[in-house]
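This report goes through the salt bridges, the domain contact, one core residue and the cysteines of a single chain. Please keep the sequence and the model at hand while reading.

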Amino acid sequence: MRRLGLFIATCLLAACQNQKTEQDAPVAEKDVAWSNVAYGSKEQRHSPLDQINESNVSDLGIAWFKDLPDARGQEATPVMVDGKLFITTAWSKVFAYDAKTGKELWSYDPEVDGSKAIDACCDVVNRGVAISRGRLFFGTLDGRLIALDANTGARLWASQTTDNSKPYTITGAPRIVKNMVVIGNGGAEFGVRGYVSAYNIADGSLKWRFYTVPNPEGKPDGAASDEIFAKAANKTWSDGAWKESGGGGTVWDSIVYDEELDQLYFGVGNGNPWNHGLRSGGEGDNLFLSSIVAVNPDTGKYLWHYQETPAETWDYTATQSIIIAEIDWPVSGGSDAEGKEGEEAESEKTALTKRRKVLFHAPKNGFFFVIDRTNGRLLSAEPFVENINWAEGYDLKTGRPIENPAARFYKTGEPFIAIPGALGAHNWHPMSYNPGTGLVYIPAQQVPQGYEVPSSEVDKSRGRQGFNVGVAWSIAQLPDDKEVYKAAIASTTGQLVAFDPKAGKVAWSVDYPAAWNGGTMTTAGNLVFQGTSLGLFKAYAADSGEELLSMDVQSGVVAAPSTYMIDGVQYIAFLTSKGGAFPLTAGVAGGASRQIPNIPRLIVMKLGGKTSLPALPQQNEIVWDPPEPTGTPAQVAEGKALYGRYCLVCHGDSAIGNGFTPDLRISATLADAETWSSIVSGGALKDRGMVGFSQLTPAQVESLRHYVIERSHWTKENVVDVTAPVAR
Ligand code: CA
């Protein structure tokens, strides 16, 4: 018995060691995993590894690399568990490699139908896998949640989580929560009703579902969300287009399980249509759009929420990275400091600071939020970028923004150029938090956008295809005046922002000439890593922001890196490629980054790595040979409106091209109205994602052709500097 007791005690000790939190993990010769897309359960994207550090990071070189199959956006963070490195790629494909040697172990292609691309607002991307006990879980663009054997790639089960008669997609990574796999979905630009679902990890059966917006028929769903909607959320909606569109509120990225408090948090997206005046008659906060919601992980029942942008109308999603932290906080700060009495208030007054369980959030709307995660109360909301013009700040007592009345374009009837715009001051690109420096590293950007109530029938029309957001696209499109055009592109920039949540201000920042730079990762080596849209992989001192490494990696980078240790060697892994919402919809990608190649590739680095990347493929020079412009001004104008409504989402603003969907301005089909029509309305290329827009009349299809011909001539004559050298 004595021996057995000792055995149990030893096991318990070992178990305890294994369960140490990520910040406590010993950094010795043993292997160190990167166990979910955001490192560990706190999702800080901070590794305790310090073999690579500020004194030697300049010696980083490539250990191995793998080219990937599809030249579309690669947004996944590599996950390393048990010596295997797992990634997802464009079109929801999964690859497993030996994390040390790069040998491919297996791959899995869920064979998503190419025509599904039309339902993806923001490219056919996927942000990664979840791993639990030898099993791998991922979502597919067509809404399946699939479980594989992580050792062999054999399929264990698959569950269809969405209705494919509607434009739902999945691009986010699932999360493991106890004995469940939790997944959300996307589609709020087109018109769906958002929800989060928990599936049984063993067989993929549904355990609970939480809808983020009301049932359009006003009846219960038999879902975990029924109670809170009946009690509080339904009455924050008024009559409007949401009843037909589904209302939006998709949970397309951040889902975080708080092990300490046994709470599940998720970030909710924008409304559909965006225009609150159309969506809900301009009335009501529209819960739970643009909110962080906390639920009981076992039941999915509501615990608390914080709505960052009440009555959302600018596509200000709250889906961005949620980071769990614990920090010292002044006792007087925050909306919960009021009204406390007796012992609790007394004890708080005796200390200057109090240890608080918080979460950090830097959503599209440009403010950095510190929220008490025990109850959802707002502690701080301060700008992490400059020039925000939709609100001047937040009232900490009410937790609500102090808005600029001009920003509500549907109330004033006047157009409004919002900063940030719909692409956000911070989009999905993951941020990271270093408990050592106390700083949060945000891939931020300046991408203004105009909003206006739609007046044309084209913009007012609604249907499954194209953006269904209830705003006029004409104001959002690039201007025709060459100088204004160039100024608009030049004003679209990026930043790495190191934000101090305690001080509520930026500690340091780095300016980039282009927006849409990669996610960040930070380590105990006092380092922050980030790839840029201009094809550089950078490392900075985490405390000071001093640049320590700037390596040419050939391709733009949007994804975030991860790091792990095997056999005493620390590796850094990341995906290259351009892609995602910004180049797809804006196309210009900040002007300069248009010239940076788009190469889908996994790169793994280590100190002293000596592997070279292959020579760059020859880039074809653009040959400007458009057909004669024969369209009437009326046809070109109609084509412009139609283009904004149906084409911009994939082919870029003003047909400018984006480097990975076809550049229509140089398309041979421009000269051939019949072929053009067979593709645009006939769907001849539907297997490649270009479904037919059969709702367009032959005259409209022809107007589109004339508009693109006009754009081709305009670009040829005006934008002479598209091949000028890039300053990066
Ligand atoms: Ca959106």
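In what kind of contact do the side chains of Glu-260 and Arg-373 meet? They meet in a salt bridge, at 3.2 Å from N to O, where the term stands for a side-chain nitrogen of Lys or Arg within 4 Å of a carboxyl oxygen of Asp or Glu. The model is predicted, so that local features need pLDDT of at least 70 and side-chain atom pairs count only at pLDDT 80 or more, while totals for chains, interfaces and linings use all residues. Residues are numbered from 1 along each chain as its sequence is written, and side-chain values use heavy atoms, with hydrogens and water left out.

**Salt bridges**

The structure holds 31 salt bridges, and three of them are set out here.

| Pair | Closest N to O distance |
|---|---|
| Glu-227 and Lys-301 | 3.7 Å |
| Glu-260 and Arg-373 | 3.2 Å |
| Arg-400 and Asp-285 | 2.9 Å |

Arg-400 and Asp-285 form a salt bridge that links distant parts of the chain, with Arg-400 in strand 24 (residues 400-403) and Asp-285 in the loop between helix 4 (276-280) and strand 17, 115 residues apart. Helices (H or I, at least four residues) and strands (E, at least two) are DSSP runs, numbered from the N terminus. Arg-400 is partly exposed at 37% relative accessible area, and Asp-285 is likewise partly exposed at 23%; on this scale buried means under 20%, exposed over 50%, and partly exposed in between (1.4 Å probe, protein chains only).

In the pair of Glu-260 and Arg-373, Glu-260 counts as partly exposed at 46% relative accessibility, whereas Arg-373 counts as buried at 0%. Both residues also belong to a network of salt bridges that links Asp-258, Glu-260, Glu-326, Asp-328, Arg-355, Lys-357 and Arg-373. For the salt bridge of Glu-227 with Lys-301, Glu-227 counts as exposed at 54% relative accessibility, and Lys-301 is partly exposed at 37%.

**Domains and their contact**

The chain is divided into domain 1 (21-607) and domain 2 (633-723), with bounds that come from an automatic or database domain assignment. Their centres, taken over C-alpha atoms, are separated by 31 Å, and the contact (heavy atoms within 4.5 Å) takes 38 residues from domain 1 and 39 residues from domain 2. The area buried between the two domains is about 3,200 Å², of which carbon and sulfur atoms give 55%; buried area is the accessible area (1.4 Å probe) that two parts lose on being put together, summed over both. Zero salt bridges are counted between domain 1 and domain 2.

**A buried leucine**

Leu-575 lies in strand 36 (residues 569-576) and is buried, with a relative accessible area of 0%. Leaving aside residues up to four places away in sequence, the residues that Leu-575 touches include Leu-68, Ile-87, Val-557 and Leu-602.

**Cysteines**

A disulfide, defined as a pair of cysteine sulfur atoms within 2.5 Å, joins Cys-121 to Cys-122 with an S to S distance of 2.2 Å, and the count by this rule comes to one. The link of Cys-121 and Cys-122 is left-handed, with -100° about the S-S bond. Cys-121 counts as buried at 16% relative accessibility, while Cys-122 counts as partly exposed at 26%. Cys-647, by contrast, is in no disulfide, because the sulfur of Cys-650 and the closest cysteine sulfur, in Cys-647, are 9.1 Å apart, too far for a bond.
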